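This report describes selected features of one protein model. It takes strands first, then a helix, the cysteines and the nonpolar cores.

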Amino acid sequence: MLRVVRRSFHPAITPRSWEGQSIRLEVISGKNLKVPSKRIPAGIYMSLNVDPRRPWKSTTGVLSSDESVAWAETVTLTLDASPKLTLVLWASFELDRMLGNGEVIGKLEISWDELLDRGNEPFVLSFPRVRGVRPSLTLKATVLHARDSQDGVSFDFIVDCEIARDTDAGHAQLTEYVTRTLKWISYLNDAVEHFQLVLDQCPVSHSDYAAALTNLAWARLRGYIQNDLQDINSITSLFREALALRPQGHLDHPLSIYHLTEALTWRYRKEHTAVYIHESAQLSCKLLNLCPEGSYLRSIATGADGVDYAVERRFQQHGSIDDLDECIQCCREAVSLFPEEHSERETYLNNLALSLKFRFDYQGNSHDLNEAISLHEEALRSRPVGHKIRDFSLDNLGAALLACFHQCGDANDVTRSMSLRCEALTLHPPGSPYRDSTLNNLAGVLRARYVELDTSEDLNESIDLFRDSLHLRQHGHPLRHTTLYNLSSVLCLRFIKTQKNEDIEEAIRLCQESLEVLPSLHPDRFFSYVWLQAAYLSCYRVQHNLANLSLAVDNFRLASRHPTQGFPYRILAAQEWVTASERHNHTSALEAYKFFFELLGRHLATWSLIVAWHEATSAFRHTRTLPVDAAACAMHLDNLQNAIELVEQGR
């Protein structure tokens, strides 16, 4: 009955009366336009196949940050060509001259009956799911009378030549490689082979040469990311050559910059060589200035793996607070691009919260930590029970609350952190790929609660959980070192309580193993030094062997001077060095004082406002008496000049 009513809008259109009839089809917009291969498109277009010899395609629209495109285009179609209409959504990887047709996002066949059954109003057609969502088109179909259908139709032919066919075949094979759960390398090899064939047919002067370079480089980069290909030098060179052929002002210049930043960032992730992340950060900042407001490319440039990642890593290398501030500003902009109801907003909230937490670790500003907690809470509310990544929000909020507990000592924070991380563990049963991290995180909360409440059950459970995590992080696991020194820390705490030598011997061995697997400038070496000194110092306090005290001081020195760790952690290590050396009358006390004030001065130099400066100093307890204590230490060593300098330095 409903179909009969709807068809009354077009009483003249029946299967027998198609011949000679025309409709005007308005292509209004598209939504949820995700690319199956996850490659960033230059734009999106759609094609209509009424007559295989005369396909029509829309203009290429730039994708918005909400993954939509507005076309507002009209085409007049004759109904006698075919009983069905085929609609195809395409991702184009060039805004300028296109090489091939791009990658298929979705394909749909619809009969004229179905099309005209919608009435003379805009309607939505949904395509098969892509990466969890249904791409859709908003269209409007209007029947034309004979006198209205003489406006002519301009058909833009789909390119069909050998290099176009090889390019499309390469895109199709690469999509298979990326989207399959098992990454069959045969699909990657086929994609690379097709793209190489195209490049071989395009001399340097060819108008499609830059596009051919980019397609080949992108396919090989996907293989490098999955550890199926290794020639990153060649991949980077191909992207550089393509960028040189697309100078500033070229329509595809921004996308070419993005491709090169991706290659550099992934190379840094695997090799940890500073020069690559420095160049990536420079290019990312340049890219951000070229991306239009509200565009999808801008949302990627400001996202988790964009400019904020590159600039944050550059900050870790150089320690410039400007880099960290710029990173947070990019994160704030990314959040502003997504309204509250958008499905991906919580991802960008999480990124901003993590960046603020990172700045708190470096500067100790409680405002950053409080804002990070609020953002994590908002992200968690957007990920209710049953959400596929609720566990990550639980862990992130738990970590921020634990940091707040360490700063303020409020037992409510550690209790909330415990509750969140217990829930996260229930979401990662045995066999889950993230169970090792969740075990490690929960054990860390138990350790903190033990230190606060001195409950033996917490300590023993923490040891058991760290051991379970270590069992899952076998040799070669990228995070094994964190569980090694974490387990060492709780064994050291138990040694202090029980004085069993096997605990402290294992604690020392675990820290030494963690140092063996870390590069010399890895930030986490700091924590290995800290827990190793704690083990040696605990051993000295029980056994009174001066060799252990000397080894503890050596590791205090290494931790305080570790260049890739933030100032707050290093200042605290130097402060503990001061305390330990004074308590045990070690000759390094004056050195510890001097280095503490040097670190504090460098740290305060990153704060501009007087109010912020006072907040920074208040983050370190008992600092007000240290200048006097330092002067007294120098006087005890008959070093009057140092005593005067230390008093002045501490003012």
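The text below works through a predicted model.

**Strands and sheets**

Four strands form an open sheet in the order β3-β2-β5-β6, and their pairing is antiparallel. The edge positions belong to β3 (56–57) and β6 (103–111); each has a single partner strand, so one side of each lacks a neighbour in the sheet. Inside this order, β2 (residues 43–49) and β5 (residues 84–92) are joined by seven bridges. One of the facing pairs is Met46 with Leu89 of β5.

Strand β1 takes part in two antiparallel pairings, one with β4 and one with β8. On the β4 side, Leu25 has Val75 as its bridge partner. On the β8 side, Gly30 stands opposite Leu137. The table lists three of the strand pairings.

| Strand | Partner strand | Bridges and sense |
|---|---|---|
| β2 (residues 43–49) | β5 (residues 84–92) | seven bridges, antiparallel |
| β1 (residues 22–31) | β4 (residues 69–78) | eight bridges, antiparallel |
| β1 | β8 (residues 136–144) | nine bridges, antiparallel |

As background, strands of a sheet pair through backbone hydrogen bonds, in either a parallel or an antiparallel sense.

**Helix α3**

Helix α3 covers residues 162–179, which makes 18 residues. At 1.5 Å a residue the expected span is 26 Å, and the end C-alpha atoms lie 26 Å apart, so the two values agree. The buried residues of α3 include the nonpolar Ile163, Ala164, Leu174 and Val178, and also Asp166, Asp168, His171 and Gln173. What do the buried residues of α3 pack against? They pack against β6, α4 (185–200) and α5 (209–225). Strand β6, an edge strand of the four-stranded sheet, is thus also one of the elements that α3 packs against.

**Cysteines**

How many disulfides does the model contain? The count is zero, with a cut-off of 2.5 Å between cysteine sulfur atoms. Two cysteines illustrate the result. For Cys202, the closest cysteine sulfur is that of Cys161, at 9.0 Å, which is too far for a bond. For Cys539, the closest cysteine sulfur belongs to Cys492, also at 9.0 Å and too far for a bond. Cys202 counts as buried because its relative accessibility is 3%, and Cys539 counts as buried at 5%.

**Nonpolar cores**

The largest nonpolar core has 81 residues, and those with the most contacts inside it are Leu25, Leu48, Leu85, Leu87, Leu115 and Leu221. Helix α5 gives the most to this core, with eleven residues. Leu25 is the residue already named as the partner of Val75 in β4. Beyond four places in sequence, the residues touched by Leu87 include Met46, Leu48, Leu108, Ile110, Leu125, Phe127, Leu137 and Leu139. Two of these appeared above: Met46, the bridge partner of Leu89, and Leu137, which faces Gly30.

A second, separate core has 64 residues, among them Val445, Leu515, Tyr529 and Leu604. In soluble globular proteins, nonpolar side chains tend to be buried together.

**Val490**

Is Val490, a residue of helix α18 (residues 480–498), buried or exposed? With a relative accessible area of 0%, Val490 is buried. Leaving out residues up to four places away in sequence, Val490 touches Arg447, Leu459, Ser462, Ile463 and Phe466. Val490 and Asp503 are separated by 13 residues in sequence, and their C-alpha atoms are 9.2 Å apart.

Notes:
Residues are numbered from 1 along each chain as its sequence is written. This is a predicted model: local features need pLDDT of at least 70, side-chain atom pairs count only at pLDDT 80 or more; totals for chains, interfaces and linings use all residues. Side-chain values use heavy atoms; hydrogens and water are left out. Two strands pair if DSSP finds at least two bridges between them. The expected span of a helix is 1.5 Å times one less than its number of residues. Buried means under 20% relative accessible area, exposed over 50%, partly exposed in between (1.4 Å probe, protein chains only). Contact means heavy atoms within 4.5 Å. A nonpolar core is a set of buried Ala, Val, Leu, Ile, Met, Phe, Trp, Tyr and Cys residues joined through side-chain atoms within 4.5 Å.
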